[in-house]
Amino acid sequence: MHDLLPEQSPRWQFLESRVRDVLARYGYQEMRMPIVESTDLFKRSIGEVTDIVEKEMYTFDDRNGDSLTLRPEGTAGCVRAALEHGLLHNQTQRVWYQGPMFRHERPQKGRYRQFHQIGVETFGMAGPDIDAELILMTARLWQELGIQGLELQLNTLGSSEERARYREELVAYFSGHADRLDEDSRRRLDSNPLRILDSKNPDMAELISAAPTLDAYLGEESSEHFAAICRILDQAGVAYVVNPRLVRGLDYYSRTVFEWVTDLLGAQGTVCAGGRFDALVHQLGGRPMPAAGYAMGVERLVAILEELDSAPLPPRVDAYLVLVGEQAQLAGLV
């Protein structure tokens, strides 16, 4: 966990001001949620068989014996707040938030145990146009920030029914190669085999590359939804790569998922990611409602700005005022 020093804050302020301006132009309003939430909220939303819940959350019991967790991501808390305050009753919403998140994982450049995200969420819109809007909005933001060289990766996870059929084939495939699975993957084989596709273990890269893909199990509705997004991006001139292995690390995603990745900071890393989470509102106690959003990592974006030298440096003093004598000093304070 790191301090933000005075010479570093101008780049953060530059990034935050550009984001706030772009989001306002698209009609998004800011929300601010607590840093601490009920542990059960994250287990129900993120999924108990995920690295975040199993290994990375900062969880503790308060003096009342309730299990609380420092938020590892913002979507679950945003949905909880929207439901609690009646924001989703026969309404559509475009909201955003920013602030610190907490995960106990191996620190690396641009990723710390306290890190900062800017999150954007939409509720009540089911069409592919809102998926495309989120992606186009991020593309516009990169232009505003002067960031180049990011690659957009895109995929669809289909519906829950389509994933269930795909899951059967995936389990059969990986079961036939159980001796090549690492410990985490063997544990997830029965509980959440799609997470295996998200493995970063280089020893499993060849095995994962040869695994069956979900597109063969997509129905007409899911296929057309994804194709419509691609048509909008093509028309807008936004380049993308369809990555059939892109599944994201949280269980609540469905249909569209996307990531903006870069190698500007060394090994390829994700600076912004999101997608649809149509089942999450109902899963957390609300009426079924389509939803989509994304989050961007502030530390990584600031590091890219520094690498590209495309953000302002700390302000310099242009003039000094020298006050000589008591009366001059008093006058200078007014």
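Which residue in S9 is the bridge partner of Asn-155? Keep that question in mind while selecting the elements below in what is a predicted model.

**The eight-stranded sheet**

Begin by selecting the open sheet of eight strands, whose pairing is mixed and whose order reads S1-S5-S6-S11-S10-S9-S7-S8. Its edge strands, each pairing on one side only, are S1 at residues 29–30 and S8 at 241–242. From the S1 edge, step to S5, residues 93–102, which pairs with S1 in the parallel sense over two bridges; there, Glu-30 stands opposite Trp-96 in S5.

Next, show helix H9 together with this sheet, because the helix packs on it and touches S7 (151–156), S8, S9 (254–262) and S10 (269–276). The direction of H9 makes about 160 degrees with that of S7.

**Strand S9 and its neighbours**

Now select S9 alone and colour it by accessibility: nine of its nine residues are buried, so the strand is largely enclosed by the rest of the structure. Adding S7 shows an antiparallel pair joined to S9 by six bridges, and here the opening question is settled, since the bridge partner of Asn-155 in S9 is Val-257. Adding S10 brings in another antiparallel pairing, that of S9 with S10 over seven bridges, in which Glu-259 has Ala-273 in S10 as its bridge partner.

**The packing of H5 and H9**

Return to H9, residues 220–236, and add helix H5, residues 128–145; the two axes come within 9 Å and cross at roughly 40 degrees. H5 and H9 are therefore oblique to each other, and their crossing is right-handed. To display the contact, select Pro-128, Asp-129, Asp-131, Ala-132, Ile-135 and Leu-136 in H5, which meet His-225, Ala-228, Ile-229, Ile-232, Leu-233 and Ala-236 in H9. Coloured by class, this contact has nine nonpolar, one polar and two charged residues.

**The three-stranded sheet**

Finally, move to the open sheet of three strands, which is ordered S2-S4-S3 and has antiparallel pairing. Its edge strands are S2 (36–38) and S3 (58–61), each of which pairs on one side only, and the twist averages 35 degrees from one strand to the next. Select S3 with S4, residues 67–70, to see an antiparallel pair joined by four bridges, where Phe-60 stands opposite Leu-68 in S4. The last selection is helix H2, residues 39–46, which lies across S2, S3 and S4 and runs at about 70 degrees to S2.

How values were computed
Residues numbered from 1 in each chain as written. Predicted model: local features only at pLDDT ≥ 70, side-chain atom pairs only at ≥ 80, totals over all residues. Heavy atoms only, no water. Axes fitted to C-alpha atoms, helices over the stretch in contact; angles between N-to-C directions. Parallel < 35°, antiparallel > 145°, perpendicular 65-115°, else oblique. Left-handed = near helix turned anticlockwise from the far one by under 90°. Contact = heavy atoms within 4.5 Å. Nonpolar A, V, L, I, M, F, W, Y, C, P; charged D, E, K, R; others polar. Pairing = 2+ DSSP bridges. Buried < 20%, exposed > 50% of the residue type's maximum accessible area, 1.4 Å probe, protein only.
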